[in-house]
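Trainee: I would like a close look at one part of this model, chain B. Please take me through the chain as a whole, then its contact with its partner, then any backbone oddities.

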Amino acid sequence: MQFWIIQFLNSLALGGLLFLLSSGFSLIFGLMRLANLTHGAFFMVGAYIGASLLRQRVVGMDLWLAALLAGIALAALGGLLERLVLRRLAGNSLGQVLVTLGVAFILSDACLLVWGGDPIPVPTPRALARPIFFAGLAFPTYRLVVIVVSVVVAVGLHALLERTRIGAMIRAGVDDMPIARAVGIRVSRLFTAVFCLGAGLAGAAGVLGGPIFSAYPGLDADMLPLALIVVILGGVGSLAGAFVGSFIIGAIYTFGSTLFPDLAYFILFLPMIVVIAYRPEGLFGRIAA
Amino acid sequence: MSRASLILALTALVALALLPFYAGEYFINLASQILIAAIFASSLNLLVGYGGLTSLGHAAFVGVSAYVFAWLTTHAGAGPAVAAAAALVGATIVACVFGLVALRATGLGFLMITLAFSQILWGLAYRWASVTNGDNGISGIPRFSPFGLSLDGAAAFYWFTLALCVIAFAAIAAFASSAFGAALRGTRDEPRRMAALGHDVRLIRWITFVYAGFWAGVAGLLYVNYNKFIHPSAMSITNSAEGLLAVIAGGSGTLAGPIVGATLIMLLKNYVSAYVERWNMLLGFVFVAIVLIAPDGVIPGLRRAAARIRGGRK
């Protein structure tokens, strides 16, 4: 029982982190028709920034502040990438993908240069390190907090998209870009805003994921395919799709790793094949990738 | 093929065949690596250049073929000939399955699905340690010896690779210039018209995908025989990206482009790796630079420059 509870919470925590990562990827793809392959690298840079900040014992530095700072740093980096490079390739979606891949290689190697090849464990915040005991069972507190945070972010993003003016503009851009431009929406500003938002979320997710995964070279290559699969599964441009897809993949991956440790990656094929075969636009998608 | 390019190709072939007589072992081995990379890039070019299907998972077939060969020769006691045949069959079967699923999409969707697939196989190679030996890789793989000829020497292996390379290029060129190749280019440029004309667009793409997967499997077989070692990194995204960069840098959709691109990248990789360990970072910068500066590749760029010079003289 204890074992299954921990696995269940692990799968939800992974799902939550995947949501923070893939929601940005999905929104960027939906709005800009851009598969941002730097997303995994953004997550890894976030994890390394978090690891550095938390291990330096800076006065007043805690996980939340570190996540905020990493989010801001990555949002700025993403904004620069969008403004300085991707903008010059507007309309050339293949060129954009290749550039994001190139930047992913650069960032990943830069991390290796700065932080070295050994994994850097990130300490769990002291207040959250002890499990909560309830009905004689232990519940790992940090996992619970990550789950709560991701749900709060999901509600916030949903409110942003559905209840605010900028959200309405983003939805208009996703659904019909030429008409959105024609009615006077500054779509290019939306591009930068959404790209910053996605990059910032990925960076913050990296910090929150630190105590679970620690920061190591190759974290980007581990996370990017999971995010891709989530988005293929859930449908591009759909927040609900990213949410449901994240928890499905989080569960399959976690329970797969526990039950069939050798074949955990292989099991990820199954939902992908089923969805692509029967519903190529994804579970919640309105547009085909 | 025009008369001039035929003469150029034959001269290059003679120069390559005689290479072991005038070059040292280092260069012979480097040339073998370049040839293997050229087969890989040429097979990918069928998809990217002629089919308009940008795959970021092509190294998966290299990996499958290499792992099948490695496992059969070291764990199952199979002879190299049987293992080689099984490796090619394995890569082709995986290509059949991947193609069925990935070709439900085109464009960025196809790119994302192929990337996800190859990353899954890459993760499998790391995790399925009882078969793949995980991060340690499989070592002590014997080289095959066709018709009893030992390929252990650098020159012997190089000649064998060169011979296979010529066969591969001829097969790929024949494919691209056939009626089927014309239909493939049709599905790239005008998929809806091709469908209206009665062509089965997905079938054409699928056959190309499988054919490209087979030749990538050949490249994988040579790769594992050259290195006598296989590691999950053989099917990493870096390897797929190197192949794609070779295709784009050389000029996609041309026969010579991927060969030129693969040569440039392997030379760059070898010489840079001798001085610094930052190959991935350089690869990233080259990617960004090619896309921003020479998006249609070196060969079309040179051809443009030549046309401009000729035009200036008139």
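Mentor: Keep in mind that this is a predicted model. I will begin with the overall build of the chain. Chain B has 15 helices and 2 strands. Its radius of gyration is 19 Å, close to the 20 Å that the globule rule gives for 314 residues, so chain B is as compact as a globular protein of that length. The C-alpha trace of chain B spans about 65 × 50 × 40 Å along its principal axes.

As for packing, 52% of the 314 residues of chain B count as buried. Take the contacts in chain B between residues at least 6 apart in sequence: 77% of them join residues at least 24 apart.

Next, the surface. Chain B exposes about 13600 Å², and carbon and sulfur atoms supply 68% of that area. Chain B carries 19 positive and 9 negative charges, and the mean positions of these two sets are 11 Å apart.

Now the partner. The contact between the chains takes 40 residues from chain B and 47 residues from chain A. About 3700 Å² is buried between chain B and chain A, with carbon and sulfur atoms giving 80% of it. On the chain B side, Leu108(B), Met112(B) and Arg127(B) lose the most area to chain A, and together they make up 19% of what that side buries.

That leaves the backbone. Most residues other than glycine have a negative phi. Two residues of chain B are worth checking against that background.

Asn133(B) is not a glycine, yet it has a positive phi of about 65°. Asn133(B) sits in the loop that runs between α7 (129-132) and β1 (138-139) of chain B. Its relative accessibility is 37%, so Asn133(B) counts as partly exposed; for that class the value has to lie between the 20% and 50% cut-offs.

Lys228(B) also is not a glycine, and its phi is positive, at about 55°. The place of Lys228(B) is the loop between α11 (201-227) and β2 (229-230) of chain B. With a relative accessible area of 32%, Lys228(B) is partly exposed.

When you go back to the display, find Asn133(B) in the loop between α7 and β1, then Lys228(B) in the loop between α11 and β2. For the contact with chain A, start from Leu108(B), Met112(B) and Arg127(B), which lose the most area to chain A.

Key:
Residues are numbered from 1 along each chain as its sequence is written. Chains are lettered from A and ligands numbered from 1 in the order in which they are written. This is a predicted model: local features need pLDDT of at least 70, side-chain atom pairs count only at pLDDT 80 or more; totals for chains, interfaces and linings use all residues. Side-chain values use heavy atoms; hydrogens and water are left out. Helices (H or I, at least four residues) and strands (E, at least two) are DSSP runs, numbered from the N terminus. The radius of gyration is taken over C-alpha atoms; the globule rule is 2.2 Å times the number of residues to the power 0.38. Buried means under 20% relative accessible area, exposed over 50%, partly exposed in between (1.4 Å probe, protein chains only). Contact means heavy atoms within 4.5 Å. Accessible areas come from the Shrake-Rupley method with a 1.4 Å probe; for residues, only the protein chains shown count as cover. Lys and Arg count as positive and Asp and Glu as negative; His and the chain ends are not counted. The place of a charge is taken as NZ of Lys, CZ of Arg, CG of Asp or CD of Glu. Buried area is the accessible area (1.4 Å probe) that two parts lose on being put together, summed over both.
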